[in-house]
Amino acid sequence: MTRRTKNNTFQFNQVLQGDCREILPTLPARSVDLIFADPPYNLQLRSDLWRPNLTHVEGVQDNWDRFGSFAEYDRFTREWLQGCRHVLKDTGTLWVIGSYHCIFRIGSILQDLGFWILNDVVWIKSNPMPNMRGTRFCNAHETMIWAKKSERQSRYTFHYKALKAANEDLQMRSDWHFPLCTGEERLKDTEGRKAHATQKPEALLYRILRGCTNPGDVVLDPFFGTGTTGAVAERMRRKWVGIERENEYVDLAKRRIARVEMPVVPDEFTPPPLDAPQLRIPFGLLLEHGLLKPGARLQLGHTELEAVVQEDGTVVCGNLRGSIHKVGAQCLGKPSCNGWQHWYYRENLIGEYLPLNTLREVIRRQMEGVLHTATLAAK
Ligand SMILES: C[S@@+](CC[C@H](N)C(=O)[O-])C[C@H]1O[C@@H](n2cnc3c(N)ncnc32)[C@H](O)[C@@H]1O
């Protein structure tokens, strides 16, 4: 069965119940912008764990985490990763989270399938579970692999500037510190026990979606569990699709997402991303919009050299004629010159010379405003 509609898309914002290895190949190819996968860990727990005070540790002992051998786990991993390749857009990226039990096997298989690792990000747990038996280091982190679809893929979403701006102007690093999911956020059953053994903190997903997607993008999670990915995507106005094998978790996730409060930021207050490519503004646009008039005089930096703006968008300086960049370079005797920075115009309102770039920014803001309004109208 193929879950296609007329326009080759599928229904977003829904949880599909079943095995992701079977469902992923039925979804339309190249339809998803980001995949977050939190697969079974293959923990191989052989006996119960007890705290020193003899209370039981609720570890991952569910059937969904049982595999007969490494070979079986590898086969399983290859199958779901192949399904992910099928649905992921050629501009999309994949995030996989895991512990030392599985992440190295997953990393190797995803490389074999053609994915190209961009980073491994370490989630450092500020409140990890102690090592009860005192026989190993306390296991205080999980690893996330962030990968693009192939080595040659040049386009993918990464809001480098915005991440930096929201991080005290420091580059976002690959070590992330978040507590385990506890307290109010942790879903409980009717008897007050954890509803799911491995519910991830929403903060983790928030950072991933903030850094690697845009509003309206499609986010897919093939191991949906309690629906953390869907809940955060919903809150951040991304479309989402979840796949989960166990009925019980499907219901839990649906109920959770139905309770999500919609964002407080209306569309019209959402500016384009900080690192969106800047709109290219040709010099001629200043004339067309009347910001500069033919005959206007431009000064080259702090030199005595002057050029006169022509009606056709060229400038003339002595016997030189051409673009602001070419004439600027020739006047300065340099191979190239950014005319927007080097030529100054007289701003009559304040009686001062300002770089042409000031006018370019005026036009750019106007044009971006028009484009933004048009995008909103088209939604
Ligand atoms: C590690 S948990 C994911 C937890 C989730 N990230 C959350 O925050 O709640 C893995 C989930 O995958 C589900 N699962 C295991 N094998 C699956 C399969 N083949 N297809 C779909 N879901 C599967 C399990 O039932 C389990 O809920």
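This tour moves from the whole protein to one sheet and then to the ligand.

The model is predicted, so that local features need pLDDT of at least 70 and side-chain atom pairs count only at pLDDT 80 or more, while totals for chains, interfaces and linings use all residues. Residues are numbered from 1 along each chain as its sequence is written.

Begin with the whole protein, which holds eleven helices and 14 strands (DSSP runs numbered from the N terminus, with H or I over at least four residues for a helix and E over at least two for a strand).

Next, select the strands β12, β11, β10, β9, β13 and β14, which in that order form an open sheet with antiparallel pairing; two strands pair if DSSP finds at least two bridges between them. At the edges lie β12 (320-322) and β14 (352-355), each of which pairs on one side only. Within this sheet, select residues 343-347, which are strand β13, joined to β14 in the antiparallel sense over four bridges, and look for Y345, which stands opposite L354 in β14.

Now add residues 324-332, helix α9, which packs on the sheet and touches β9 (297-300), β10 (306-309), β11 (315-317), β12 and β13; contact requires C-beta atoms, placed from the backbone, to lie within 7 Å.

Finally, select the ligand and the 19 residues around it, of which D38, F223, G225, T226 and T228 come nearest (a residue is near if its C-beta atom, placed from the backbone, lies within 6 Å). Elements giving two or more residues to this shell are α1 (20-23) and β8 (239-244).

Technical notes:
Contact = placed C-beta atoms within 7 Å. Axes fitted to C-alpha atoms, helices over the stretch in contact; angles between N-to-C directions.
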